[in-house]
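Here is a friendly walk through one structure. Have a look at it first, and then we will take its parts in turn.

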Amino acid sequence: MGNQPDIAAGRLTDSDYAENFSDVHPPLDRKAALIEASRCYFCYDAPCIEACPTGIDIPSFIRKISTDNVRGAAQDILDENVMGGACARVCPTEVLCQEACVRNTQEHKPVQIGLLQRYATDAVMDDAAHPFQRAEPTGKRVAVVGAGPAGLSCAHRLAMHGHDVVVFEAKAKAGGLNEYGIAAYKVPEDFAHREVDFILEIGGIEIRNGQALGRDIALADLRRDYDAVFLGMGLGGVRALGLEGEDLGGVYNAVDFIADLRQSDNLASLPVGRKVVVIGGGNTAIDIAVQTKRLGAEDVTLVYRRGPEAMSATGHEQEFAQVNGVKIKHWAQPRQIRGAHDHVTDVVFEYTQLDDNGRLGGTGDAFSVPADMVFKAIGQEMLPLPQANGGSELLEMDGACIAVNDERQTSLPDVWAGGDCVAVSEDLTVAAVQDGKLAAESINRFLRS
Amino acid sequence: MADIRCDIAGVKSPNPFWLASAPPTDKEYNVVRAFKAGWGGVVWKTLGEDPPIVNVSSRYGAMTYNGTRMAGFNNIELITDRPLDVNLREIKQVKRDWPDRAMVVSLMVPCEEENWRNILKQVEETEADAVELNFGCPHGMSERGMGSAVGQVPEYIEMVTRWCKKHSRMPVFVKLTPNVTNVLGPARAAKAGGADAVSLINTINSIMSVDLDIMAPTPTVGGKGSHGGYCGPAVKPIAMHMVAEIARDPECAGLPISGIGGISDWRDAAEFMSLGAGSVQVCTAAMHKGFKIVEDMIDGLGYWMDGKGHATLEDFRGAAVPNVTDWQYLDINYETVAKIDQDLCIQCGLCHIACEDTSHQAIAAQKDNGSRRYEVIDAECVGCNLCMHVCPVEGCISMVEVDNGKDYMNWTQDPRNPMNQKAAE
Ligand SMILES: Cc1cc2nc3c(=O)[nH]c(=O)nc-3n(C[C@H](O)[C@H](O)[C@H](O)COP(=O)(O)OP(=O)(O)OC[C@H]3O[C@@H](n4cnc5c(N)ncnc54)[C@H](O)[C@@H]3O)c2cc1C
Ligand SMILES: Cc1cc2nc3c(=O)[nH]c(=O)nc-3n(C[C@H](O)[C@H](O)[C@H](O)COP(=O)(O)O)c2cc1C
Ligand code: SF4
Ligand code: SF4
Ligand code: SF4
């Protein structure tokens with residue numbers, strides 16, 4: 001039967017790969033930065049500050065850019081957000097700082113805060129002198145689990161306060177989803193790795209790779225051996241569709257494929273289907289759709305069960321996917337993944353609608369989309385809690401995530417948590433950085449009291 | 001369209017837009033290009049005696065403000081660096097080819113009657129329309145006892161002007177320096193000496209910036225800098241004040257004025273003319289954008305005059321002069337308060353912080369579950385205009401006149417004036 005799956009590597013030329021996976025938003029040069037900086041009004045009680053989860057003093061850093069005080073600008077940013085460089089690249093600014101910018105009101109054109117932030121942070125990242133100093137050593141030791149944005153932000157702030165930090169990271173590299181998850185064209189040129197190095201320059205932080213909580217270490221041991229513990233494990237699990245055909249060949253978790261892509265040093269060696277179906281409506285769905293398209297897939301169809309407003313991907317990201325040639329179909333849910341010879345051939349979807357009570361339901365009408373590859377991107381979830389392996393007390397949960405108070409303290413008095421694994425998280429890099437910072441401040445108060 | 005032909009001190013031009021004595025008028029090539037572009041007249045780059053002066057390399061400094069280049073401009077050039085006979089020959093040729101344009105020749109020679117008599121005779125032969133005495137150059141030439149070194153001493157101005165009137169039939173314009181405490185001294189001296197008109201302002205003593213790497217002022221010449229002459233948009237307010245002072249001075253009554261200083265467009269020109277200027281002269285704006293800017297000056301002024309019903313320049317020339325007065329005659333009882341158009345407001349808070357930190361605490365910052373609102377407290381507002389100036393949204397804050405029922409009263413009449421209290425005792 002002529003139904004062989006068409007999955008192949010090397011669909012593009014080398015220069016196409018290079019172009020498709022280089023910086024989506026090229027950096028501003030000095031002249032462009034000065035012009036953009038001059039657009040900022042230096043607002044009083046600036047709404048943009050309030051809209052930044054880490055509370056960066058945006059008018060202040062932009063004013064410093066405009067006077068060529070780039071070091072001062074970067075310091076303003078990094079003081080509040082040590083991953084200001086990553087955030088400048090990955091934040092959905094259109095729903096954060098830039099949405100709040102007062103220049104939207106009259107001109108619908110906010111100050112390009114993200115690009116300016118990148119201009120300032122890029123300038124100091126390669127600088128010889130690390131822009132932070134450690135306080136006098138306190139002799140206290142803190143264990144951090146997970147070297148993602150939450151864990152690294154927490155570790156850096158703790159080190160700054162004079163504490164010594166050991167970070168236990170399950171994977172071979174630090175950086176969390178900055179290293180393994182964010183779309184390649186947002187953080188090209190090994191940026192995640194360079195940023196980790198930058199953060200570690202402060203000193204006093206030891207990263208132990210290949211150390212997984214629950215496998216190699218236990219929470220109880222950490223609590224015994226350290227003065228405080230911070231949990232920043234993110235979401236290790238992937239939600240399943242629970243559908244017939246889900247285990248056929250050619251059906252992938254989007255995050256696993258993205259991790260492979262991010263770790264690949266030769267994109268031409270990555271096989272990709274001619275026809276790709278993506279199921280989901282968030283960041284991950286958009287990212288896998290665009291990246292497979294940019295790897296040379298011919299038809300990429302993203303199917304989401306509700307309308308565009310309900311997608312957790314922002315309008316800007318949806319538009320970005322469409323501009324990249326991704327076809328987005330709304331109001332349809334997967335019913336069955338069909339295959340032949342143990343490999344997917346197509347996905348059957350049923351149209352959906354809201355009933356009078358606003359509940360989503362199928363209409364009974366179905367259609368099918370042919371596929372060589374199917375990506376599941378309906379969300380990640382926290383892996384079962386690690387304290388099963390040695391923890392004597394249970395962490396209080398909130399749904400599937402760890403419950404924390406405003407200071408990111410868990411139900412255990414010496415354990416804090418933050419980032420994607422806590423219930424209050426917004427699942428954004430910038431929110432994880434803020435969690436780590438808040439927790440570190442709380443831990444510092446705890447250790448010094 | 002309105003008639004914008006210009007006649008000042010008997011010098012006629014098809015429009016009031018002249019190029020000031022400077023690099024744009026340094027030689028035939030430039031001036032012919034200017035006339036082709038439409039300029040009404042030129043004041044030729046200042047002539048001196050041979051041998052010609054020598055200029056340094058690296059001559060201009062500029063002030064970029066908030067991305068606006070050449071908001072202010074300065075130079076350390078001297079007068080023409082070409083031989084006198086070359087300039088005179090070219091002047092004669094251009095005047096012959098462009099008889100309808102104003103050709104004024106700027107001059108600067110040592111302060112001896114003989115020197116002035118000599119050069120005037122040679123200029124007369126070119127059939128130029130007038131001469132302009134450069135008593136303004138603030139650098140280089142002043143160190144040699146010329147330029148502003150003369151312009152700062154009214155007696156010298158009067159003396160040299162008198163010589164020029166004696167030895168020439170041409171109208172004499174006296175170009176004044178702003179580097180004085182009161183421009184009326186030099187202006188009155190020019191009039192007393194028989195000047196047909198004054199031109200002002202020349203450039204202002206200035207240091208544009210300091211190069212912090214080499215620790216020297218700019219423009220830098222081999223590691224050193226010297227003060228230069230400041231001009232461009234930034235000096236317009238200073239120039240207009242000086243023009244207005246002369247225009248409203250009874251002793252200078254009837255003395256025609258050629259306005260100079262930061263004029264870049266028809267509106268600037270109209271402002272100078274409303275303060276009494278008969279013609280206007282432009283340098284920096286032309287050096288920044290080229291001669292073509294005169295097109296907008298010509299039709300912009302014409303359309304504006306049409307809109308206002310002015311048929312000729314005389315219809316509005318000096319119209320603002322009667323409204324320039326001394327502080328003591330302003331109406332103390334006049335009252336305005338700021339008003340914010342909430343529909344236009346973008347909540348930047350600049351009005352609040354300006355008034356709160358530096359003025360009268362008259363704009364309240366309100367926050368009502370996350371949404372900001374800025375509201376004027378009428379009782380606290382003194383009507384200073386600061387908020388209106390800082391607001392980035394055009395027309396969002398206006399100053400509204402308050403009808404307080406009080407009649408006109410100025411400071412000389414005000415009982416709070418200690419002088420009046422003394423008189424009453
Ligand atoms: C595909 C994708 C694209 C995204 N794009 C964006 C974007 O463009 N912009 C944005 O703001 N956000 C984006 N996000 C979300 C963002 O990446 C996360 O919110 C952020 O990384 C959360 O940081 P974290 O530190 O909590 O978790 P993570 O980044 O997940 O880091 C957790 C770390 O803990 C380690 N770990 C896990 N379990 C253990 C264990 N048991 N023991 C030891 N170590 C462990 C992991 O290996 C990892 O290094 C994206 C997410 C995904 C999945
Ligand atoms: C509204 C206003 C009022 C001023 N009043 C005075 C004054 O009373 N006495 C004084 O010496 N200078 C006064 N100045 C001048 C300032 O002190 C300062 O010299 C001038 O503004 C130049 O500085 P700047 O333009 O860089 O701000 C005043 C300036 C402003 C703007
Ligand atoms: S809201 Fe916009 S204009 Fe105002 S400070 Fe922030 S970036 Fe600048
Ligand atoms: S006019 Fe002056 S005093 Fe009145 S509100 Fe505005 S800034 Fe304040
Ligand atoms: S300065 Fe203007 S726009 Fe800004 S808050 Fe005040 S009134 Fe509104």
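A word on classes before we begin: Ala, Val, Leu, Ile, Met, Phe, Trp, Tyr, Cys and Pro count here as nonpolar, Asp, Glu, Lys and Arg as charged, and the others, Gly among them, as polar. Please also keep in mind that this is a predicted model.

**Two ligand shells**

With those classes in hand, the surroundings of ligand 3 are easy to describe: the shell has ten nonpolar residues, with no polar and no charged ones. The residues around ligand 3 come from chain A and are Cys40(A), Tyr41(A), Cys43(A), Ala46(A), Cys48(A), Pro59(A), Cys101(A), Val102(A), Val111(A) and Ile113(A).

What is the make-up of the shell around ligand 5? By class, eleven of its residues are nonpolar, two are polar and none is charged. In total, 13 residues surround ligand 5, and the closest are Cys345(B), Cys348(B), Gly349(B), Cys351(B) and Cys391(B).

**The domains of chain A**

Chain A is assigned domain 1 (30-125), domain 2 (141-236 + 382-448) and domain 3 (238-379). Taken over C-alpha atoms, the centres of domain 1 and domain 3 of chain A are separated by 34 Å.

**The barrel of chain B**

In chain B, eight strands close into a barrel, with parallel pairing and the order 3-4-7-8-9-10-15-16. On average, and ignoring direction, neighbouring strands of this sheet are turned by 25° against each other.

Three of the strand pairings are set out below.

| Strand pair (chain B) | Bridges | Sense | One facing pair |
|---|---|---|---|
| Strand 3 (residues 17-19) and strand 16 | three bridges | parallel | Phe17(B) and Val280(B) |
| Strand 15 (residues 257-260) and strand 16 | four bridges | parallel | Gly259(B) and Val280(B) |
| Strand 3 and strand 4 (residues 41-47) | two bridges | parallel | Trp18(B) and Gly41(B) |

Val280(B) is a good residue to click on: in strand 16 it stands opposite Phe17(B), and it is also the bridge partner of Gly259(B).

Is strand 16 of chain B mostly covered or mostly open? Strand 16 (residues 277-282) is mostly covered, with six of its six residues buried. Strand 16 also belongs to a right-handed β-α-β unit, together with strand 15 and helix 8 (residues 266-274) of chain B.

When you turn the barrel to look along a strand, one general point may help: in a regular strand the side chains alternate between the two faces of the sheet.

Conventions. Residues numbered from 1 in each chain as written. Chains lettered and ligands numbered in written order. Predicted model: local features only at pLDDT ≥ 70, side-chain atom pairs only at ≥ 80, totals over all residues. Heavy atoms only, no water. Near = heavy atom within 4 Å. Buried < 20%, exposed > 50% of the residue type's maximum accessible area, 1.4 Å probe, protein only. Pairing = 2+ DSSP bridges. Right-handed = clockwise from strand over helix to strand, strands pointing away. Domains from an automatic or database assignment. Axes fitted to C-alpha atoms, helices over the stretch in contact; angles between N-to-C directions.
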